[in-house]
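This report describes selected features of a protein structure. Please consult the sequence and the structure shown below while reading.

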Protein chains: 2
Amino acid sequence: MTIKRTAGGVCAPKGFTAAGMHCGVRKNRDKKDIAMIFSDVECTAAAVYTQNKVYGAPITVTRQNIADGTARAVICNSGNANTSNADGVEKAEAMCRMTAEALGIKSSDVIVASTGVIGLRLDLEPIEYGIKELSKNLSKDGGNDAANAIMTTDTKVKEISFEFTLGGKTAKIGAIAKGSGMIHPNMATMLSFITTDAAISAEMLHKALKEVVDVTYNMISVDGDTSTNDMVAVMASGLCGNAPITSEGEDYEAFKAALGAVGSYMAPMIAGDGEGATRLITCSVTGAPDEKTAKTVARGVIASSLVKAMFFGADANWGRLLCAMGYCGAEFDLSRVGISMSSAAGSIKGVEGGFCIPFSEEDAKKILLESEITVDISMNQGEASATAWGCDLTYDYVKINGDYRS
Amino acid sequence: MTIKRTAGGVCAPKGFTAAGMHCGVRKNRDKKDIAMIFSDVECTAAAVYTQNKVYGAPITVTRQNIADGTARAVICNSGNANTSNADGVEKAEAMCRMTAEALGIKSSDVIVASTGVIGLRLDLEPIEYGIKELSKNLSKDGGNDAANAIMTTDTKVKEISFEFTLGGKTAKIGAIAKGSGMIHPNMATMLSFITTDAAISAEMLHKALKEVVDVTYNMISVDGDTSTNDMVAVMASGLCGNAPITSEGEDYEAFKAALGAVGSYMAPMIAGDGEGATRLITCSVTGAPDEKTAKTVARGVIASSLVKAMFFGADANWGRLLCAMGYCGAEFDLSRVGISMSSAAGSIKGVEGGFCIPFSEEDAKKILLESEITVDISMNQGEASATAWGCDLTYDYVKINGDYRS
């Protein structure tokens, strides 16, 4: 089974077009602020959402719309989260209605999302203008514009597409995403829209999405905060012609692998582009007694402010890694734990049998000055493993978040 | 019942002397790095410790020594945490032995503590020298030197003493503390040593300490990290002459109130002196359905990196306060929640009925530019309340923690 990169992003799979533009939600006319993705045919659809108890109005509305397992379009604005507003749900529903009218589809087939400032009234006028324009400009080349339009403090456009074989047919899967601040396990300020031309039941699509999100999108932490608005949604057009996937088996595994490739691409991409980040930190835990422990340790280390600040300073402070393991909530036998750090500049071990051991500060500095660093935690007490992604904590994170609204 | 400030710190209560000096654990000769507190008589004693699974060797040894409910001395160095070292317990025991020899007491009556870098071998030579010198220089004026000697990245000396009436006698209670980075609910990098001349059984002393710590020292968060080494320990000499407290009742309540005054003084003092902090943030939650919810919400708001960065920028981003409430893990009815912020410059409301409401940006800025700010969360769904203390997240936090070891 091969999964290979292909061009086109969310428009790579058959049946999908997209567009992105500036409509006026943001003041800065150079920043696109509204995106649309459209499918020529009815799709099966699934989504997973933030677990924050305070969630945005778009989450409420999308959850309702997707309950029947179908969708045909995504409408998403950046610059305003439409959250904690008394008229939020009403506005999110209006966005769906406008999109449905412009595209000649059902309002309940629209996935609506918003990202940006919380608690700021959303003005529908620019959105209405945007939706009309977008619907006229949908194209196979529009994926990149859509990817641009959903960005907030992101510095890099996040899109990907893969080609894979499914039941003898060539299938495609594509995605766009936005991340940056507030990226924490359980979704945080993250949006990702995934398209595929595979044929798969809504039920199996949801199952695959949940399994993949659990080990990719949900294993990211930028600052420990989880956001109110975020979702990963997938639409499957079925146009590649495979026999529809309705149960587990070879085809399901092939599809899940392709979806997993999307998650595995996006997760470090989002983490490494965390607000103000200068380094992508990957924490790989092996030899854990069970998967839950592996995940808890990997995320705990990645989410520690002290660990994150240490990577900004390229300071090999092994004690902080141990300390973060200690308070992450996992139960384990410390006396078996070994820790190494590695990067393009080499690898160095600093913890053995649960204790710090002598190491070369010079080598450590060289390794930690690289832009991508891996912390390898060998727990030596089982077979389970997990990977989490994060970034360093920098002056710029503080600066960006000290005055986000202006 | 009156509790009034008095002079003397940990030496205010009858029977206690203290000293602090530079012995050489740190390279900088201008920074004191070892402290001793001594009681003329055997004390009842109690302590609460970090809940980090990775804890320092001094924690192991103090826990053993205090198991019998008695102690007579504290020995504490800064600059090296003696944690995650293979020979850590051996060294911590040696510190107790040296202290016991110098003071002519039992080794098992010594409370030992260390704070500083984790995973760095502790050199006993300067410690041995320090212990000998300290034991010769103990005095009623030594509390401030001891308070200085336990500081790490703290910028302010933390000591306090109160006088109160207990069973018709005048009793005193005093304390020193160190805090700064890694101050989070459940102890974090925080040390506090409390002395009193009240007579109280070890059992009641432990009970009072636990109750007070739960609503004061454990309601602080600087960066969400919890440390490996930290403890709040109390020694009671009984020399004020009250009838020993051996059960709940009026005297117990009087003592607990005095201990509570110590905690209520130290908690905001430690939070406001968090690493790089420019503002003390108090989160006061009222009207919660139960105390657990009140505490979870108060701590959740205080611990959010986005909330902390917002206060650094004096940016009234009400949505972030709601967002932090949403993911803190508490269950509540959002539609009843109101939020105000206040400081010496006034008070402003930004959330009502769970939604953001219009507010004056100008007034908000004035209020948030003050150095002490209170977030008032009225949950309007019960009678429980809680208070938590934290600080803003600043460039200097990142700077301090980017290269802590050098």
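## A strand and its neighbours

In this predicted model, B:Thr282 stands opposite B:Thr374, a residue of strand β15 of chain B. Residue B:Thr282 falls within strand β11 of chain B, which spans residues 280–288 and runs parallel to β15(B), with seven bridges joining the two.

Strand β12 of chain B, residues 338–343, also pairs with β15(B), but here the direction is antiparallel and five bridges are found. Within this pairing, B:Met341 has B:Val375 as its bridge partner in β15(B).

## Two faces of strand β15

In a regular strand, side chains alternate between the two faces of the sheet. Strand β15 of chain B, residues 372–378, shows such an alternation. The side chains of B:Ile373, B:Val375 and B:Ile377 point to one face, and these residues are buried. The other face receives B:Glu372, B:Thr374, B:Asp376 and B:Ser378, which are not buried.

## Domains of chain A

Chain A is divided into domain 1, covering residues 3–272, and domain 2, covering residues 280–402. The centres of these two domains, taken over C-alpha atoms, are separated by 32 Å.

## A pair of helices in chain A

Two packed helices are described by the angle and the distance between their axes. In chain A, the axes of helix α7 (residues 291–303) and helix α9 (residues 318–327) come within 8 Å and cross at roughly 130 degrees. Helix α7(A) is therefore oblique to α9(A).

The crossing of α7(A) past α9(A) is right-handed. On the side of α7(A), the contact is made by A:Val297, A:Gly300 and A:Val301; α9(A) contributes A:Leu321, A:Ala324 and A:Met325.

Conventions. Residues are numbered from 1 along each chain as its sequence is written. Chains are lettered from A and ligands numbered from 1 in the order in which they are written. This is a predicted model: local features need pLDDT of at least 70, side-chain atom pairs count only at pLDDT 80 or more; totals for chains, interfaces and linings use all residues. Domain bounds come from an automatic or database domain assignment. A residue is buried if 20 or more other C-beta atoms lie within 10 Å of its own, exposed if 12 or fewer, and partly exposed in between; C-beta atoms are placed from the backbone. Helices (H or I, at least four residues) and strands (E, at least two) are DSSP runs, numbered from the N terminus. Two strands pair if DSSP finds at least two bridges between them. Axes are lines fitted to C-alpha atoms, for helices over the stretch in contact, and angles run from 0 to 180 degrees between N-to-C directions. Angles under 35 degrees count as roughly parallel, over 145 as roughly antiparallel, 65 to 115 as roughly perpendicular and the rest as oblique. A crossing is left-handed if the near helix is turned anticlockwise from the far one by less than a right angle, and right-handed if clockwise. Two residues are in contact if their C-beta atoms, placed from the backbone, lie within 7 Å.
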